[in-house]
Each structure stands twice: as structure tokens, then as C-alpha cells.
Amino acid sequence: MLYYMMKLLLSAGIIVVVSEVAKVNTGLGALIKSLPLISILAMIWLYVDTRDTAKIADLSTGTFWLVLPTLPMFLVLPALLKSGMGFYASLAISIAVMLACYAIAVPLLARFGITI
């Protein structure tokens, strides 16, 4: 139980640090957020839990391919906000764009033999 609490607090702590740093310096907040800290932690937790390096390799490869469909969200959101649209509407549309990109990417990757 202590192990799971440590995992939870460390993972959540990263989110808190990013949001607090971004209040003061958005560039530094973006830099910290862009680091694959959660992915690295997930790989460490998976290794500690399973010692299965094949699973870690699969997780890493899957993460690479599934990061790509998320990228348009980071362009659509600021464009909508700058156009004067409200935050929640912009966020919802950006998430919808991201989900559409996933819906396109996953079958496309499967077509090339990349299974997630």
C-alpha cells in the first residue's frame, strides 16, 4: 500500500509542480511539462513491478506512436483561445480533434503492422 501511495504522490506531484511553475513562468512550465516524466515514471514502475523489459519496450514504442496524434491539440487549443473562444469550448474542441486524430492514427498504424 505504501508503494502505491508513493507512486500516486510522485506522479501527482509532477502535475502540481508544472501548474505552480507555469503560474510564474509559462515557458519553464511548458519545458517541465514537455519532459516525458510521467512516461519515465511509468516505465520505472512497470520495471519494478514486473522486471519485464519486453513490456517496457512495447510501452515505449506505443507511447511514441500515440504521442503523435496528441500534437495537433497543442496547436488547435491556442489558436481557438487567441480567436476569442472560451477556454472550456476551446479545450473540448481540441480534445475532439485529438480523439479524431487517434481514430485516424490507430487504424493507419495497424495498416503498417504497428499494433498498439
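In the predicted model, Arg51 occupies the loop between H3 and helix H4 (53-67). The phi angle of Arg51 is near 60 degrees, a positive value in a residue other than glycine. Most residues other than glycine have a negative phi. Arg51 is also exposed, since its relative accessible area of 54% is over the 50% cut-off.

The helix that precedes this loop, H3, packs against H1. The axes of H1 and H3 come within 10 Å and cross at roughly 170 degrees. An angle over 145 degrees counts as roughly antiparallel, and H1 is therefore roughly antiparallel to H3. On the H1 side, the contact involves Tyr3, Met6, Lys7, Leu10, Ser11 and Ile14. These residues meet Leu37, Ile38, Leu41, Trp45, Val48 and Asp49 in H3. By residue class, the contact of H1 with H3 comprises 9 nonpolar, 1 polar and 2 charged residues.

Aromatic residues take part in this contact, with Tyr3 in H1 meeting the H3 side that includes Trp45. For the structure, the count of aromatic pairs comes to 4. In one of them, the ring centres of Tyr3 and Trp45 are 6.0 Å apart and the ring planes stand at 90 degrees, so the pair is classed as edge-to-face. Tyr3 belongs to helix H1 (residues 2-24) and Trp45 to helix H3 (residues 37-50), so this pair ties together parts that are 42 residues apart in sequence. The two partners fall into separate accessibility classes: Tyr3, at 23% relative accessibility, is partly exposed, whereas Trp45, at 12%, is buried. Because buried means under 20% relative accessible area, Trp45 falls within that class. Ring pairs further join Tyr3, Tyr4 and Trp45 into a cluster.

Charged residues also link H1 to H3. A search of the whole structure yields 2 salt bridges. One of these is formed by Lys7 and Asp49, whose closest N and O atoms are 3.2 Å apart. This pair links distant parts of the chain, with Lys7 in helix H1 and Asp49 in helix H3, 42 residues apart. Lys7 counts as buried, at 15% relative accessibility, while Asp49 is partly exposed, with a relative accessible area of 42%. Both Lys7 and Asp49 are also among the residues through which H1 and H3 meet.

A further salt bridge is formed by Glu20 and Lys23, with the closest N and O atoms 2.9 Å apart. Here both residues lie in helix H1, 3 residues apart, which corresponds to about one turn of the helix. Glu20 is partly exposed at 41% relative accessibility, and Lys23 is exposed at 63%.

H1 additionally packs against helix H2 (residues 26-34). Two packed helices are described by the angle between their axes and the distance between the axes. For H1 and H2, the angle is about 155 degrees and the axes are 6 Å apart. This angle lies over 145 degrees, so H1 is roughly antiparallel to H2. The contact is made by Val18, Val21, Ala22 and Val24 of H1 together with Thr26, Leu28, Gly29, Ile32 and Lys33 of H2. The residues of this contact of H1 with H2 divide into 6 nonpolar, 2 polar and 1 charged.

Further along the chain, Lys82 is located in helix H5 (residues 73-82). At 75% relative accessibility, Lys82 is classed as exposed. The C-alpha atoms of Lys82 and Ser94 are 13 Å apart in space, and the two residues are separated by 12 residues in sequence.

Ser90 is placed in helix H6 (residues 87-111). With a relative accessible area of 0%, Ser90 is buried, as this value is under the 20% cut-off. When its neighbours within four places in sequence are left aside, Ser90 is in contact with Leu77, Leu80, Leu81 and Met85.

Terms used: Residues are numbered from 1 along each chain as its sequence is written. This is a predicted model: local features need pLDDT of at least 70, side-chain atom pairs count only at pLDDT 80 or more; totals for chains, interfaces and linings use all residues. Side-chain values use heavy atoms; hydrogens and water are left out. Rings of Phe, Tyr and Trp (its six-membered ring) pair if their centres lie within 6.5 Å; planes under 30 degrees apart count as stacked, over 60 as edge-to-face and the rest as tilted. Helices (H or I, at least four residues) and strands (E, at least two) are DSSP runs, numbered from the N terminus. Buried means under 20% relative accessible area, exposed over 50%, partly exposed in between (1.4 Å probe, protein chains only). A salt bridge is a side-chain nitrogen of Lys or Arg within 4 Å of a carboxyl oxygen of Asp or Glu. Axes are lines fitted to C-alpha atoms, for helices over the stretch in contact, and angles run from 0 to 180 degrees between N-to-C directions. Angles under 35 degrees count as roughly parallel, over 145 as roughly antiparallel, 65 to 115 as roughly perpendicular and the rest as oblique. Contact means heavy atoms within 4.5 Å. Ala, Val, Leu, Ile, Met, Phe, Trp, Tyr, Cys and Pro count as nonpolar, Asp, Glu, Lys and Arg as charged, and the others, Gly among them, as polar.
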